[in-house]
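The exercises below are meant to be worked through with the sequence and the coordinates side by side. Each task is followed by a solution that proceeds step by step.

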Amino acid sequence: MELNSNGTVKQARLDATFAALSDPTRRTILARLTSGEASVVELAAPFSMTQPAISKHLKVLEGAGLIVRDRDAQRRPSRLNARPLAEASKWLADYREFWKSSLKRPDDPRDDLKAKKKKGKKHKRKKR
C-alpha cells in the first residue's frame, strides 16, 4: 500500500478505486474479469450499450488501476488487477473495529429494550 509521509493511504488512489466501484456496470465488468481476461466485445455482450460506452467504463477501471489492458494484435484484452481492491479492503477493515464498537455501545437504549423484553418473556414462562 502506498503511504504518504504521515503514514496514511494515498487518497487519490483510494478515491479512484471507490469512484470506479460506484457504478454497477463497472462492478459487473470486474466480476466478469475474475474468470479471466476478456476483450471489449466479450465484455459488452451482456449489456445493452455500445462498445465505445464499454470502452469508457474500461478507461475508468484502468485509470483506477483495477484492470490492465494488453495489446494482442488487433485485440485488446483486459484483465483484473486486484491490488487496488485489496487496498480498499484494508482501508475498510481499519474502520471495521471502530464501527463495531460504535454500534454496540453499552449505553445504547436499544440494548435496554432488548434486555427488558427478554426478562418479560422469562417471567411469562414461569407463570404458566
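**Exercise 1.** Is Lys90 buried, partly exposed or exposed, judged by its relative accessible area?

*Solution.* The model is a predicted one, and the value used here is computed from its atoms. Buried would require a relative accessible area under 20% and exposed one over 50%; Lys90 has 41%, and therefore counts as partly exposed. The next step is to look at its partner: Lys90 forms a salt bridge with Asp94, with the closest N and O atoms 2.8 Å apart. Both residues belong to helix H5 and are four residues apart, about one turn of the helix. Asp94, at a relative accessible area of 46%, is likewise partly exposed.

**Exercise 2.** Determine how the axes of helices H1 and H5 are oriented to each other, and identify the residues that make their contact.

*Solution.* Begin with the geometry: the axis of H1 (residues 11-21) comes within 10 Å of the axis of H5 (residues 83-103), and the two cross at roughly 100 degrees. Since angles of 65 to 115 degrees count as roughly perpendicular, H1 and H5 are therefore roughly perpendicular to each other. On the H1 side the contact is made by Arg13, Leu14, Thr17, Phe18 and Leu21, while H5 contributes Arg83, Pro84, Leu85, Glu87, Ala88, Trp91 and Leu92. Sorted by class, these residues comprise eight nonpolar, one polar and three charged.

**Exercise 3.** Find the salt bridge that joins Arg75 to helix H3, and place it in its network.

*Solution.* A search of the whole structure gives five salt bridges. In one of them the side chains of Arg75 and Glu42 meet, at 3.4 Å from N to O. This pair links distant parts of the chain, for Arg75 lies in the loop between strand S1 (67-69) and strand S2 (78-80), whereas Glu42 is in helix H3, 33 residues apart. Arg75 has 30% relative accessibility and so counts as partly exposed, and Glu42, with 39%, also counts as partly exposed. Glu37 completes the picture, as Glu37, Glu42 and Arg75 are linked in a network of salt bridges. A separate search around Asp70 leads to its salt bridge with Arg79, where the closest N and O atoms are 3.2 Å apart; Asp70 is partly exposed at 27% relative accessibility, and Arg79 is partly exposed at 37%.

**Exercise 4.** For Ser39 and Thr25, establish the location, the burial and the contacts beyond four places in sequence.

*Solution.* Ser39 is found in the loop between H2 and helix H3 (40-44), and because its relative accessibility is 10%, Ser39 counts as buried. Once neighbours within four places in sequence are set aside, Ser39 is in contact with Arg75, Arg76 and Pro77. Thr25, by comparison, lies in helix H2 and is buried as well, with a relative accessible area of 13%. Under the same exclusion of sequence neighbours, Thr25 is in contact with Phe47, Met49, Ile54 and His57.

**Exercise 5.** Which elements have the lowest and the highest mean pLDDT?

*Solution.* For the protein chain as a whole, the average pLDDT is 83, and 78% of the residues score at least 70. Among its elements, the lowest mean belongs to helix H6 (residues 109-127), at 64, and the highest to helix H2 (residues 24-33), at 97. Where pLDDT is low, the predicted coordinates should not be read in detail.

Definitions and conventions:
Residues numbered from 1 in each chain as written. Predicted model: local features only at pLDDT ≥ 70, side-chain atom pairs only at ≥ 80, totals over all residues. Heavy atoms only, no water. Axes fitted to C-alpha atoms, helices over the stretch in contact; angles between N-to-C directions. Parallel < 35°, antiparallel > 145°, perpendicular 65-115°, else oblique. Contact = heavy atoms within 4.5 Å. Nonpolar A, V, L, I, M, F, W, Y, C, P; charged D, E, K, R; others polar. pLDDT = per-residue confidence, 0-100. Buried < 20%, exposed > 50% of the residue type's maximum accessible area, 1.4 Å probe, protein only. Salt bridge = Lys/Arg side-chain N within 4 Å of Asp/Glu carboxyl O.
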